[in-house]
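Trainee: I've just opened this one and I'd like to learn how to read it. Could you walk me through it, one feature at a time?

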Amino acid sequence: MSDAFSDAEVARLLDALSRAELTSFIERAMNVLASAGPYLSNYHIAALGYALQGVFEGRTKRLLITLPPRHLKSIAASVCFPAWTLGKAPRTRLVCISHTAELATQHHNDCRRLIQSPYYQRLFGACRIARSKNTEVEFRTTFGGGRLSLSVGGPITGRGGEIVIIDDPLKADDAASDTKRKAVNTWFANTIGSRLNDPRTGAIIVVMQRLHEDDLAGALLDQGGWTHLNLPAIAEFDERVQIGPETYHLRREGELLHAERVSAETLAQLKRELGEDAFSAQYQQRPAPREGAIIKRAWLNRYARVPERRPGDQIVQCWDMGVK
């Protein structure tokens, strides 16, 4: 008798794995969600999946995820995670918030499309969207759970959930505005905590790219108490990235986050186009203050021509090899 699994057995095993692990669910859900090109698997998706699954399992109550644009953070956090959560616990209520109503609606519709797909219904056939509430702003399951879509600063009075997800709360174009940054931070501080149905067990997820040292992520890190998954485009030191209960990816200094998706040449071009400061914030998740972080801009002078040497002049070079 052959030890090989039949196609039907393999399919059943993959379905069981997708029900048990968010990472596996995300990878297979991309067949439903991907609009162009093949899906490219990578360890950082496993890191996202494991971190988000920790929220569902109650291991994490406050999760902050920071990583560059175009690395599936919104698909993982705002689309797949709510769908997977409702499949396993269809009475859960999730509030999902993005910086604009248009983006919030896009994520909401993608989540609806995923839940209504044959793939999802094969995994979680008991979870269905109720006909009585199925709009581009909100849907409910037949069990009473659901997903509510809002924009930052939008009306939220009287609404809440077990999990609140905030995805890119600040537009890149608004990062330089002290007023707009502070408005987002104040809105979060005054509003979001009170939207949890049960503050003892409820969870908040913030997923974003860094834009400024005083953006929402900066405020939360200063506050403390947040589990932080930080994935820069180019590793600045050796680190272990957790991708499973007892599994880690060893990321070496200089390693790209996902070279197949965003190459070294692409990153170099982005750095030229965005400039040093914006690239450091958005792609390296290391925003620097305008006046400089370690070396102040005011200390440096510019010269149209090299100054002439004079008697007694000295040239001094200092090297701090620990600076990243």
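Trainee: Let's start with the basics: how many helices and strands does the protein chain have?

Mentor: Before the count, a word on the source: this is a predicted model, where local features need pLDDT of at least 70, side-chain atom pairs count only at pLDDT 80 or more, and totals for chains, interfaces and linings use all residues. Residues are numbered from 1 along each chain as its sequence is written, and side-chain values use heavy atoms, with hydrogens and water left out. Helices (H or I, at least four residues) and strands (E, at least two) are DSSP runs, numbered from the N terminus. The protein chain has ten of each: ten helices and ten strands. Its C-alpha trace spans about 85 × 60 × 35 Å along the principal axes.

Trainee: What share of the residues counts as buried?

Mentor: Buried means under 20% relative accessible area, exposed means over 50%, and partly exposed is in between (1.4 Å probe, protein chains only). Here 46% of the 324 residues count as buried.

Trainee: Which residues have the most contacts inside the largest nonpolar core?

Mentor: The general idea is that in soluble globular proteins, nonpolar side chains tend to be buried together. A nonpolar core is a set of buried Ala, Val, Leu, Ile, Met, Phe, Trp, Tyr and Cys residues joined through side-chain atoms within 4.5 Å. The largest one here has 47 residues, and Phe 25, Leu 52, Phe 81 and Leu 114 have the most contacts inside it. Helix α4 (residues 73-88) gives the most to this core, nine residues in fact. There's also a second, separate core of 23 residues, with Val 95, Leu 148, Ile 204 and Val 206 among them.

Trainee: What does Phe 25 touch?

Mentor: A contact means heavy atoms within 4.5 Å. Skipping residues up to four places away in sequence, the partners of Phe 25 include Cys 80, Trp 84, Leu 114 and Tyr 119.

Trainee: You mentioned Cys 80. Why is Cys 80 not bonded to the closest cysteine sulfur?

Mentor: A disulfide is a pair of cysteine sulfur atoms within 2.5 Å. The closest cysteine sulfur to that of Cys 80 is in Cys 111, but at 8.2 Å it is too far for a bond. Cys 111 is in no disulfide either, as its nearest cysteine sulfur, that of Cys 96, is 7.0 Å away. By this rule the chain's count is zero disulfides. Cys 80 is buried, at 0% relative accessible area, and Cys 111 is buried at 0% too.

Trainee: At what angle do helix α2 and helix α5 pack?

Mentor: Two packed helices are described by the angle between their axes and the distance between the axes. Axes are lines fitted to C-alpha atoms, for helices over the stretch in contact, and angles run from 0 to 180 degrees between N-to-C directions. Helix α2 (residues 22-33) and helix α5 (residues 101-115) pack at about 100 degrees, with axes 10 Å apart. The pair is therefore roughly perpendicular, a label for angles of 65 to 115 degrees. At the contact, Phe 25, Ala 29, Val 32 and Leu 33 in α2 meet Asp 110, Arg 113 and Leu 114 in α5.

Trainee: Where is Thr 60, and is Thr 60 buried or exposed?

Mentor: Thr 60 lies in the loop between α3 (43-56) and β1 (62-66). Thr 60 counts as buried, at 8% relative accessibility. Leaving aside neighbours within four places in sequence, Thr 60 is in contact with Gly 54, Val 55, Ala 203 and Thr 227.

Conventions. Angles under 35 degrees count as roughly parallel, over 145 as roughly antiparallel, 65 to 115 as roughly perpendicular and the rest as oblique.
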